[in-house]
Amino acid sequence: METWQGKHFSITDPQEVNTVIYQINKTEKEYLEKNTPKYTVERLDYTEEIRGDVKRKTFYVDNPSETQDQLVILSFGKEKVVVNMALLEDNKITISKKPMPLKFNNIYSDEATVYKEFSYTPNLKRPICIIDPETTEELKPKLYFDENTNEVKGKCKLKPHKSYFAFEIRDKKD
């Protein structure tokens, strides 16, 4: 029999809003190298329950830390994205009024094929996430080994005439 060790919490999405949540992980010291990212992001799994006009989502943090976990909450609505930060401590979630630095932008191109590249950590964690705002699904990168830099990298293919939402966690000084 399998046992599940983790934490969970629920939120409610109004009509025409779709929320996804990412856990921010600091790269372990043994994986930190010159060009590797300090932080990586991991999308939380969730279950969804329809309750009248709203959706109740229960998110699961599979590997919670001993102290606290930082979360990025992205709520996609028509023509906009609301970005919030949160801390999960013990069995309590606190959403901040002043979010930590978060770089995000829309990616758009008129060219036929565009690739967005980024480096992975040696344990294959990624620092950046690209999301289709219409479906809130992540673009799954194709992994490859760059022999010039001796690094594992990811490459996402972007469709022309389509907007994407991308974000990356960085230190304030970056």
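**View 1. E16 and K78 are both exposed.** In this predicted model, the two residues form a salt bridge. Their closest N and O atoms are 3.6 Å apart. Side chains of opposite charge can pair when their charged atoms come close. Where do E16 and K78 lie? E16 sits in the loop between β1 (7–13) and β2, while K78 sits in the loop between β6 and β7. The pair therefore ties together parts that are 62 residues apart in sequence. Searching the whole structure gives six salt bridges, and the next two views show others.

**View 2. K57 and E48 meet in a salt bridge through their side chains.** The N to O distance is 3.9 Å. Is K57 buried or exposed? K57 is buried, because its relative accessible area is 0%, and the cut-off for buried is under 20%. E48 has 42% relative accessibility, so E48 counts as partly exposed. This bridge thus pairs a buried residue with a partly exposed one.

**View 3. E49 and R51 form a salt bridge.** Here the closest N and O atoms are 3.0 Å apart. E49 has a relative accessible area of 38%, so E49 is partly exposed. R51 is partly exposed too, because its relative accessibility is 44%. Which residues are joined into one network by salt bridges that share partners? They are D13, E48 and K57. E48 and K57 are the pair of View 2.

**View 4. The whole protein is built with 14 strands and zero helices.** Read along the sequence, the pattern is β-β-β-β-β-β-β-β-β-β-β-β-β-β. The protein has 174 residues, and buried residues make up 40% of them. How far apart in sequence are the residues that touch? Take the contacts with a separation of 6 or more. Residues 24 or more positions apart account for 62% of these.

**View 5. The largest nonpolar core holds 15 residues.** Which of its members touch the most other members? They are Y22, V72, L74, I131, F165, F167 and I169. Several strands supply this core. Those giving two or more residues are β2 (18–26), β3 (39–43), β6 (68–77), β7 (80–89), β11 (128–131) and β14 (164–169). Another core lies apart from this one. That other core has nine residues, among them L44, F59, V61 and L88.

**View 6. Strand β2 is mostly covered.** How many of its nine residues are buried? The count is eight. β2 pairs with β6 in the antiparallel sense, over seven bridges. One place to look is Q23, whose bridge partner in β6 is L71. β2 also pairs with β3 in the antiparallel sense, over five bridges. Both β3 and β6 also appear in View 5, as strands that give two or more residues to the core.

**View 7. N25 is a residue of strand β2.** Across from N25, in β3, stands T40. Which residues does N25 touch, leaving out those up to four places away in sequence? They are K38, Y39, T40 and E42. With E42 there is also a polar contact. This contact joins the side chains of N25 and E42 at 3.4 Å.

**View 8. C129 is in no disulfide.** A disulfide is a covalent bond between the sulfur atoms of two cysteines. A search of the whole structure finds zero of them. For C129, the nearest cysteine sulfur is that of C156, 8.4 Å away. Why is there no bond at C156? Its sulfur is 8.4 Å from the closest cysteine sulfur, in C129, and that is too far. The cut-off is 2.5 Å. C129 has 1% relative accessibility, so C129 counts as buried. C156 counts as buried as well, because its relative accessibility is also 1%.

**View 9. K157 lies in strand β13 (residues 151–158).** Is K157 buried or exposed? K157 counts as exposed, because its relative accessibility is 54% and the cut-off for exposed is over 50%. Compare its position with that of K140. Along the chain, K157 and K140 are 17 residues apart. In space, their C-alpha atoms are separated by 8.9 Å.

Terms used:
Residues are numbered from 1 along each chain as its sequence is written. This is a predicted model: local features need pLDDT of at least 70, side-chain atom pairs count only at pLDDT 80 or more; totals for chains, interfaces and linings use all residues. Side-chain values use heavy atoms; hydrogens and water are left out. A nonpolar core is a set of buried Ala, Val, Leu, Ile, Met, Phe, Trp, Tyr and Cys residues joined through side-chain atoms within 4.5 Å. Buried means under 20% relative accessible area, exposed over 50%, partly exposed in between (1.4 Å probe, protein chains only). Helices (H or I, at least four residues) and strands (E, at least two) are DSSP runs, numbered from the N terminus. A salt bridge is a side-chain nitrogen of Lys or Arg within 4 Å of a carboxyl oxygen of Asp or Glu. Two strands pair if DSSP finds at least two bridges between them. A polar contact is a pair of N or O atoms within 3.5 Å; within protein, one must be able to donate a hydrogen and the other to accept it, and residues adjacent in sequence count only if both atoms are side-chain atoms. Contact means heavy atoms within 4.5 Å.
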